[in-house]
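Work through the exercises below with the sequence and the model open. Each task is followed by a solution in steps.

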Amino acid sequence: MDSRSETLRIVYIEDDPTIAQMYRMKLEKDGYRVTLAADGEAGLRAVREIHPDLVFLDIRLPKMDGFTVLRQLRDDPATRHIPVVILSNYSAAEMVETGIRLGAQDYVIKSEVTPGFVSDKVQHWASLSPPLV
């Protein structure tokens, strides 16, 4: 385990509790501090309160969709610097393009990766500066 991982805080915004817990368990096992949010509004609040080092964001969420969350994070000077990685099952090119255009560092298709892959990439993603949007 990388000693830097102990200090990294992650907010994972995901409405499927099984997926959220699966990723949380792996990330915490690898030393990251993880806060889960089950809808877009709760996720936005969590990011604004915690100021995490990285946000994982689903697209289809109750109360506020992921693109709206991302727009609001990028519009807020207090959160625009926080790296966001979209983790979604939506793989259509226009969805990926929208996520990147709105300021996500990466767009990852959940069905194509494992929690281990995602955990291995945390240090990389957390080190990226958000694109200027």
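The exercises that follow concern a predicted model, and they go from single residues to ring pairs and helix contacts.

**Exercise 1. Place Leu44 and decide whether Leu44 is buried or exposed.**

Step 1. Find the element: Leu44 lies in helix 2, which covers residues 40-50.

Step 2. Read the accessibility. The relative accessible area of Leu44 is 4%, and the limit for buried is under 20%. Leu44 is therefore buried.

Step 3. List the contacts, leaving out residues up to four places away in sequence. Leu44 touches Ile13, Met64, Val69, Gln72 and Leu73.

Step 4. Compare sequence and space for one chosen partner, Gly66. Leu44 and Gly66 are 22 residues apart in sequence, and their C-alpha atoms are 9.6 Å apart.

**Exercise 2. Do the same for Arg48: which residues is Arg48 in contact with, beyond its neighbours within four places in sequence?**

Step 1. Arg48 is also placed in helix 2.

Step 2. The relative accessibility of Arg48 is 35%. Partly exposed runs between the 20% and 50% limits, so Arg48 counts as partly exposed.

Step 3. With neighbours within four places set aside, Arg48 is in contact with Gln72, Asp76 and Thr79.

Step 4. For Gly66, the separation from Arg48 is 18 residues along the chain and 15 Å between C-alpha atoms.

**Exercise 3. Describe how helix 2 packs on helix 3.**

Step 1. Two packed helices are described by the angle between their axes and the distance between the axes.

Step 2. Helix 3 covers residues 66-75, and the axes of helix 2 and helix 3 come within 9 Å and cross at roughly 25°. Angles under 35 degrees count as roughly parallel, which makes helix 2 roughly parallel to helix 3.

Step 3. The crossing of helix 2 past helix 3 is right-handed.

Step 4. Name the residues that meet. Helix 2 brings Gly40, Leu44, Val47 and Arg48, and helix 3 brings Val69, Gln72 and Leu73. By class, this contact of helix 2 with helix 3 holds 4 nonpolar, 2 polar and 1 charged residues.

Step 5. Link back to the earlier exercises. Leu44, which is buried, and Arg48, which is partly exposed, both belong to this contact.

**Exercise 4. Describe how helix 1 packs on helix 5.**

Step 1. The axes of helix 1 and helix 5 are 9 Å apart, and the packing angle is about 50°.

Step 2. This angle is neither under 35 degrees nor in the range 65 to 115, and helix 1 and helix 5 are therefore oblique to each other.

Step 3. Helix 1 passes helix 5 in a right-handed crossing.

Step 4. On the helix 1 side the contact has Met22, Tyr23, Lys26 and Leu27; on the helix 5 side it has Pro115, Gly116, Val118, Ser119 and Val122. These residues divide into 6 nonpolar, 2 polar and 1 charged.

**Exercise 5. How many aromatic pairs does a search of the whole structure find? Work out two of them.**

Step 1. The search finds 3 aromatic pairs.

Step 2. Take Tyr12 and Tyr23. Their ring centres are 5.5 Å apart and their planes stand at 80°, so the pair is edge-to-face. Tyr12 is in strand 1 (residues 9-13) and Tyr23 in helix 1 (residues 17-29), 11 residues apart, and the pair links distant parts of the chain. Tyr12 and Tyr23 are buried.

Step 3. Take Phe56 and Trp125. With centres 5.8 Å apart and planes at 80°, this pair is edge-to-face. Phe56 belongs to strand 3 (residues 54-57) and Trp125 to helix 5 (residues 115-126), so that 69 residues separate the two. Phe56 and Trp125 are both buried.

Step 4. Put the rings together: ring pairs link Tyr12, Tyr23, Phe56 and Trp125 into a cluster.

**Exercise 6. Examine the phi angles of His51 and Lys63.**

Step 1. Most residues other than glycine have a negative phi, and most peptide bonds are trans.

Step 2. His51, which is not a glycine, has a positive phi of about 50°. His51 sits in the loop between helix 2 and strand 3. With a relative accessible area of 32%, His51 is partly exposed.

Step 3. Lys63 has a positive phi near 70°. Lys63 is found in the loop between strand 3 and helix 3. Its relative accessible area is 63%, and Lys63 is exposed.

Terms used: Residues numbered from 1 in each chain as written. Predicted model: local features only at pLDDT ≥ 70, side-chain atom pairs only at ≥ 80, totals over all residues. Heavy atoms only, no water. Helix = DSSP H or I, 4+ residues; strand = E, 2+ residues; numbered from the N terminus. Buried < 20%, exposed > 50% of the residue type's maximum accessible area, 1.4 Å probe, protein only. Contact = heavy atoms within 4.5 Å. Phe/Tyr/Trp six-rings, centres within 6.5 Å; stacked < 30°, edge-to-face > 60°. Axes fitted to C-alpha atoms, helices over the stretch in contact; angles between N-to-C directions. Parallel < 35°, antiparallel > 145°, perpendicular 65-115°, else oblique. Left-handed = near helix turned anticlockwise from the far one by under 90°. Nonpolar A, V, L, I, M, F, W, Y, C, P; charged D, E, K, R; others polar.
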